[in-house]
Amino acid sequence: MAQWLEMSYVLTDMDDERINALYPPDTFPIEIRHYLCQWMEEKDWEGFSPDQSDKEPLAQALLSDAVLLLESVADQQNIVERMKLVQITKNMMTRPAMELANKRAEGKTPDFEDLSFLKNTVFQLQDRRKRIHSCQEDINWEMVNFEALQSVHAKSPAERSLRELQVLSKKIQELKINQKTLTKLKQCQDNFIVKMNVWQWEQHKSVIGYPFTDDLNTLCEEDMLLLSLSLITFLSFSSFVVEKQPPQVIKTQSKFSAVVRYLLGESLVSGQPVTMKAQIINELQARNVNLAFDNVGELINHTAILDRNTATKTTNANFRHMSIKKIKRADRKGAESVTEEKFALMFLAEIFITGHETPFKIHINSQPVVVIVHGSQDINAVATIIWDCAFAEPDRVPFVVPDRVTWKMMIETLNVKFCSEVGTNHNLNPYNKHFLAQKIFDQPEYANDLSDSVVTWCQFNKEVLAGRNFTFWQWFEGAMDLTKKHLKPYWSDGLIFGFIGKQHVHLILKESPSGTFILRFSDSEIGGITIAYVSHENGIPMIQNIQPFTRKDLEIRCLGDRIRDINEILYLYPNVSKHEGFKKFYTGKASSGSFICIYCSGMLLTVKSCIRLPPDGMEYDFYFNEFTKNST
C-alpha cells in the first residue's frame, strides 16, 4: 500500500495518455491497482513472463483471488463505482490469467528511463521537495489535534468523533509518507552530488598516480534515476563533467583533446543541436561567477557538437584537435615564474531541456593547466601541477593551494608519483624516504625522523640544492625518468637501491667482501645511476664509485651488460652473485673495450680495462685527470 500511496502523488501530475500506458484499461486498469494495492504489494510477482507455461496454475490462482477481492470491494461502493468494478471483474475473467500476472510484473514501478514520462513529473516534484519542513509542521499540528480529539473521544465516545479520528489518522499517515518521499528525494540528490564531487576529486588526484576509475556508467544510471525524482534544473548544472581532461601541461601550438560529457543527455530537446565552446581562463577568472570574460588566450578548434551516441548511450562533446595559439599572462609577483601560473579551460553551452522553453546556460571548468612555450619549461610546469593535485583542498577557491605541507604528505606523494610514472609496484623503502628528507632539508644523513617537518614549495622546486645548480624536484624527476625509460625491470626486481647517500653506502659496504656493490642514483648529476662497490687495499676497505651512467649511456648499452662487463664488481649487496641477479638482462657478448672510470671521494683514481671500443659507429672523447701507478 505504501508503494501505491507514493506512486499516487506522481500520477496526479501525469497526463491521461501516460497513465493509460502504465495501466491499460483493457488488461490492467488503474482501479485494480488502487483497490487491490495492499494485496498486490504483498504478493511475489517476480518471474512471470509469457513463455513460462509452468506458472499458469499460480497465475490462475492469483486471478481468482483478485476477482473475489474486487467483488468484495465493489459491494462497499456507491452504485456508479460498483457497476464499474463489476464490469472490470467480468473483463478480467475473460482474459488469460498470465496476462494479468505479466502486466503486474511489468508495471510494479514506473519506467524511470522513459523521459517522456519524466518530463511530465519531474518539475512538480520541485515544490514537494521544498515542503519537507512544512510537511513536518503539518504533521506536528495534526498530531496535536489527533491527541486532543482522542482524549475527548475517550471521555465521550461518539460516532462523529470516531470518524474524525479516522480522517485525522489517515491524513497524518499520508503526510508522513509524503515527508518520507521528499526526504528520500533530497538524500538521493545529495548522494549523487557527493559521488560526482568524489569522482572529480579522484580524477584530479590521479594525475599524481592515485588509483582512479574513470567509468561514468554507474553515475549515469544513478543520475537517470535521480532525474525522475529530483530537480532537473539544478542537476543540469551539476551533470556536466570533463570526462577526459586536457593535458595539465600544454605547450602552445601543440594539439590536444578533451571530452565533456552530459550525464542527462536524454533530457535534451530532440532535434535541437547543442554546440559547446571552450575558452581559456586565468586563475582570477576561474574564481568569478560572471561569465563575461576578456580573452586571455586564443584557442584553435574550440567548438564541438554535443552528440548522442546511441551505441554507448552517452552524450559527449569531443574536442579533438584544440590548440593554444597564444596566451596572455598576468603580472607576476616577486620571483614567480611563468611555469607557476595556472589557467583552466572553461566549457560553455546553452542547452534546451524537455519541458522548458528557455535554455539553460551551463559551464564547467577543467582541472588547472600550465601553459608553456618551450619544452625546457616542462619539468617545472609538472612540479606546479603535482603540488596542486597533491595538496589542494576539496571545494577550494580556484586554484588555491598551501605553500607548505608536512614531509609525511610530501613523501607519500613522491612515492605514489614514482610508482605510477615508472609503472611498478616496488615502493620507495624507509631508507629511500629518509634519504630524500635529508636531501630536501639539507640535513645530515643520520638526522632524526623528519616526517613532521614542514617542506615548502620553494624547497620543492625553487631553491637549488646545497652545492648544486638544480632543485630537488628536477633531481628527483631525473631519477624517476631514467628509471621509467631504462631501469624499470631492475627497480621492480629490487636490484636498485636508488635513493641512498654516500655515508650510508660506506656504512653498509665497508664490512662486506671485496666486489660487493650497490646501485644508487647520482647525487651530482640529474638522471644518472652509479655503482658503488668495496675493494680492499692492504686490508683496508675502499669505497669506489663508478662514473654515473646517464640516459645516453644506457641507450648505447643496457645496465645489465655494463654490470657484466665490469670485472671489479661481483656481489649485489648483501650477497647476491651479480650473474644470478642480472643474468636475465644480459643481451649479447661482453664488450671488449669498456672504459671504467673509478672515483673515490670525488677524485678519479683509476682507468681500467682500456682496450678497444665496440664497432658501434659512435665517437667518444676521453679525459684523464689523474692516474694511479697501475694505470694501463
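What percentage of the 632 residues in the chain is buried? In this predicted model, buried residues make up 45% of the chain. Welcome to the structure; here is a short tour, from the whole chain down to a single hairpin.

**The chain as a whole**
- You will find 23 helices and 20 strands along the chain.
- Among contacts with a separation of 6 or more, 65% come from residues 24 or more positions apart.
- About 33,200 Å² of the chain is exposed, and 51% of that is supplied by carbon and sulfur atoms.

**The nonpolar cores**
- The largest nonpolar core has 61 residues, and those touching the most other members are Trp407, Phe472, Phe476, Phe499 and Phe582.
- Helix H19, spanning residues 472-492, contributes ten residues, the largest share of this core.
- Because domain 2 (198-401) and domain 3 (407-585) both give residues to this core, it lies between them.
- To see the surroundings of one core member, look at Phe499: leaving aside neighbours within four places in sequence, its contacts include Phe418, Leu428, Tyr431, Trp475, Phe476 and Phe521.
- A second core, separate from the largest one, has 33 residues, among them Val260, Ala304, Phe360 and Val369.

**A hairpin to look at**
- Strand S14 (residues 528-537) pairs with strand S15 (residues 540-546) in the antiparallel sense, over six bridges.
- One bridge joins Ala532 to its partner Asn545 in S15.
- Two residues separate S14 and S15 in this hairpin, and Asn538 in the turn has a positive phi of about 55 degrees.

Terms used
Residues numbered from 1 in each chain as written. Predicted model: local features only at pLDDT ≥ 70, side-chain atom pairs only at ≥ 80, totals over all residues. Heavy atoms only, no water. Core = buried A, V, L, I, M, F, W, Y, C linked by side-chain atoms within 4.5 Å. Buried < 20%, exposed > 50% of the residue type's maximum accessible area, 1.4 Å probe, protein only. Helix = DSSP H or I, 4+ residues; strand = E, 2+ residues; numbered from the N terminus. Domains from an automatic or database assignment. Contact = heavy atoms within 4.5 Å. Areas by Shrake-Rupley, 256 points an atom, 1.4 Å probe, with all protein chains shown as cover. Pairing = 2+ DSSP bridges.
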